[in-house]
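Student: I have a structure open on my screen and I'm not sure how to read it. Could you walk me through it?

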Amino acid sequence: MLQSASAPLKECVSSAYASTLRSYHNFVVKGVFAAAVKATPARSPFLAKLGPKGASETSSMKMIAKLLPDLKRPLDTLDKYLVKRGIQ
């Protein structure tokens, strides 16, 4: 979403899934996910709901970009744990 400000949300979700979780799922889960992607909302209304009331898409994206560095440490810790346990 951050790399392509104009990409449809469905495309962003599908791309993220393909590059992360897809290889760990069987055909049933992949089918369920494909159905769930069809229910993905349009980008603008989704981003409007993420920000404060009346926020623009641009301000919501800035807010997301600002929060991402705070998520890096716990996600890196989780990733190391999964690798250590042989789960990933």
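Tutor: Let's go feature by feature, keeping in mind that this model is predicted.

Student: Okay, where do I start? How many helices and strands does the chain have?

Tutor: Start with the secondary structure. Here you'll find four helices and zero strands. Going along the sequence, the pattern reads α-α-α-α.

Student: And how spread out is the chain compared with a compact globule?

Tutor: For that we compare the radius of gyration with what a globule rule gives. This chain has a radius of gyration of 15 Å, while the rule gives 12 Å for 88 residues, so the chain is more spread out than a compact globule. You can also look at the C-alpha trace, which spans about 45 × 30 × 20 Å along its principal axes.

Student: What share of the residues is buried?

Tutor: Buried residues account for 15% of the 88 in the chain. As for the surface, the chain exposes about 6,900 Å², and 63% of that comes from carbon and sulfur atoms.

Student: How do I read an aromatic pair?

Tutor: The general idea is that you describe a pair of aromatic rings by the distance of the centres and the angle of the planes. This structure holds one such pair. The ring centres of Y17 and F33 are 3.7 Å apart and the planes sit at 15°; planes under 30 degrees apart count as stacked, so this pair is stacked.

Student: Where in the chain do Y17 and F33 sit?

Tutor: They come from distant parts of the chain: Y17 belongs to helix α1 (residues 9-19) and F33 to helix α2 (residues 27-38), with their positions 16 residues apart.

Student: Is each ring residue buried or partly exposed?

Tutor: Here a cut-off helps: buried means under 20% relative accessible area. Y17 has 8%, so it is buried. F33 comes out at 24%, and that makes it partly exposed.

Student: Next up, salt bridges. How many does the structure hold?

Tutor: Two. To read one, look at how far apart the nitrogen and oxygen atoms are. In one of them, E57 pairs with R43, and the closest N and O atoms are 3.2 Å apart. This bridge links distant parts of the chain, with E57 in helix α4 and R43 in helix α3 (residues 43-50), 14 residues apart.

Student: Which of E57 and R43 is buried, and which is partly exposed?

Tutor: R43 is buried at 7% relative accessibility, whereas E57 is partly exposed at 27%.

Student: What about the salt bridge between K72 and D76?

Tutor: There the N to O distance is 2.8 Å. Both K72 and D76 lie in helix α4, four residues apart, which is about one turn of the helix. D76 is partly exposed, with 33% relative accessibility.

Student: Which residues form the nonpolar patch on the surface?

Tutor: A patch is a group of residues, so read the members together. Here they are L68, L71, L75, L78, Y81 and I87, with about 570 Å² of accessible area together. Take L71 as an example: it is found in helix α4 (residues 57-84), and at 43% relative accessibility it is partly exposed.

Student: How should I think about contacts along the chain?

Tutor: Ask how far apart in sequence the touching residues are. Among contacts with a separation of 6 or more, 49% are between residues 24 or more positions apart. For a single residue, try A55, in the loop between α3 and α4. A55 is buried, with a relative accessible area of 18%. Leaving aside neighbours within four places in sequence, A55 is in contact with A48 and S60.

Student: Where is K49, and is K49 buried or exposed?

Tutor: K49 lies in helix α3 and is exposed, with a relative accessible area of 73%. You can check a distance from there too: the C-alpha atoms of K49 and K38 are separated by 19 Å, and these residues are 11 apart along the chain.

Student: One last residue: where is S4?

Tutor: S4 is in the segment before α1 and counts as partly exposed at 32% relative accessibility. Between the C-alpha atoms of S4 and F27 there are 29 Å, with 23 residues separating them along the chain.

Conventions:
Residues numbered from 1 in each chain as written. Predicted model: local features only at pLDDT ≥ 70, side-chain atom pairs only at ≥ 80, totals over all residues. Heavy atoms only, no water. Phe/Tyr/Trp six-rings, centres within 6.5 Å; stacked < 30°, edge-to-face > 60°. Helix = DSSP H or I, 4+ residues; strand = E, 2+ residues; numbered from the N terminus. Buried < 20%, exposed > 50% of the residue type's maximum accessible area, 1.4 Å probe, protein only. Patch = residues over 30% accessible without salt bridge, like charges linked within 9 Å, V, L, I, M, F, W, Y side chains within 5 Å. Areas by Shrake-Rupley, 256 points an atom, 1.4 Å probe, with all protein chains shown as cover. Salt bridge = Lys/Arg side-chain N within 4 Å of Asp/Glu carboxyl O. Rg over C-alpha atoms; globule rule 2.2 N^0.38 Å. Contact = heavy atoms within 4.5 Å.
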